[in-house]
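Hi everyone, thanks for having me. I'd like to walk you through a few spots in one structure, so let me put it up on the screen.

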Amino acid sequence: MTTNTGGQASHMFLLQYGAERVPRSLSLRGGSSDLGWEPLYGVLVDTAEGWVLFDTGMGREALDADVTQDSYRAAALDAGADPDSATWSMHPAPPDPTRWNWGLEGDPLTAALATVGVGIADLRLAVISHLHLDHSGGIPLLADAGVPVAIHRAELEFARSGKALFEEGFRAEDWSDPRIRWEVLDGDTDVAPGVRVLCTPGHTPGHVSLQVTLPDTGTWIFAADAADLGQNLLDRVPCGYCAGGTAVDEAGAATSLDRLLADAADLDARLIPGHDQLVFNAIRHPSAGHR
Ligand SMILES: [Zn+2]
């Protein structure tokens, strides 16, 4: 059982950076080849030690690059999807539904933070769930601003191992800048008052989730890609894809899902999937943030 020993944060904003079009089988083990739009979002928490951000979405360069479009398309075809079949029902609607992803104008991280009056240089720490390009695209901007970046040791080691390929969603430009101020984590870690990093390996070798404790709304757990969709949690179905590719990774994904469900039950926490537009829209922050 996880006990929260780290106090409380004061308030929290949920920021959608953009979205991506992916086959359900990427999110759900044994899932269909149907394409769906999934939001890219971050969690911004105000703590007694300053602003803490969880995940950054995709960077502008990656969003605009043909090679990114080609890579998403290839993954969809590989899963057996019809690339022209995608539809969406929830807002926000994709500005161009024939593309594979979209992001806020300019740099999505900068633009999203600006909606709540925060600049990148105001961040005390950024925690990155894992180094897939739809989560790590803002790291170069964090490096520019000198903001420390917390990451699990196994994630950084995997990224640097040569096995983390662009075709598998890893974009080396995101994590190669020598100026990045890494804060390397080895296990569950309280990183600020009310903010705890939870180790949930499987989707990638060093994947982490985030637990936030607020004064009025209590404990929230953001699964990130340990559970993309509500369906993962409702049916206890692990993620559809493990970057490490071994039986150990597959088992880890199942164990991590069990762990999040157990933690949420123990702490009476709100457990939030990482890429579910229905859930995201239902929990969007009020204008002053969640408290
Ligand atoms: Zn991922």
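P92 sits in the loop between α3 (66–78) and β4 (101–103). This is a predicted model, by the way. Now look at how that proline is joined to the residue before it: the peptide bond from H91 to P92 is cis, with omega near 0°. That should catch your eye, because most peptide bonds are trans.

Backbone angles can surprise you too. Most residues other than glycine have a negative phi. So which way does phi go at D55, positive or negative? Positive, at about 70°, and D55 isn't a glycine. You'll find D55 in the loop between β3 (50–54) and α2 (60–64), and this aspartate is buried, with a relative accessible area of 3%. R236 is another non-glycine residue with a positive phi, this time near 50°. Look for R236 in the loop between α8 and α9.

That takes us to helix α9. It covers residues 247–267, which makes 21 residues. From first C-alpha to last, α9 reaches 30 Å, close to the 30 Å expected at 1.5 Å a residue. At its start, a side-chain oxygen of T246 comes within 3.2 Å of the backbone nitrogen of V248. Just after the helix, D268 has a positive phi of about 50°.

What covers the buried residues of α9? The cover includes β9 (195–199), β10 (208–214), β11 (218–222), α8 (230–234) and β12 (270–272). Among the buried residues themselves are L257, L260 and L261, but also D249, R259 and D263.

Speaking of buried charges, go over to D46 in strand β2 (residues 35–47). D46 is buried yet has no salt bridge. The nearest side chain of opposite charge belongs to R291, 7.0 Å away, and a salt bridge would need the atoms within 4 Å. Leaving out residues up to four places away in sequence, D46 touches A9, S10, H11 and W51.

Last stop, the cysteines. How many disulfides does a search of the whole structure find? Zero. For C199, the nearest cysteine sulfur is that of C239, 16 Å away. C199 is buried, at 17% relative accessible area. C242 is in no disulfide either; its nearest cysteine sulfur, again that of C239, is 4.3 Å away. That doesn't count, because a disulfide needs the two sulfur atoms within 2.5 Å. C242 is buried as well, with 7% relative accessibility.

That's my tour, so over to you for questions.

Note on methods:
Residues are numbered from 1 along each chain as its sequence is written. This is a predicted model: local features need pLDDT of at least 70, side-chain atom pairs count only at pLDDT 80 or more; totals for chains, interfaces and linings use all residues. Side-chain values use heavy atoms; hydrogens and water are left out. Helices (H or I, at least four residues) and strands (E, at least two) are DSSP runs, numbered from the N terminus. Buried means under 20% relative accessible area, exposed over 50%, partly exposed in between (1.4 Å probe, protein chains only). Lys and Arg count as positive and Asp and Glu as negative; His and the chain ends are not counted. Contact means heavy atoms within 4.5 Å. The expected span of a helix is 1.5 Å times one less than its number of residues. A polar contact is a pair of N or O atoms within 3.5 Å; within protein, one must be able to donate a hydrogen and the other to accept it, and residues adjacent in sequence count only if both atoms are side-chain atoms.
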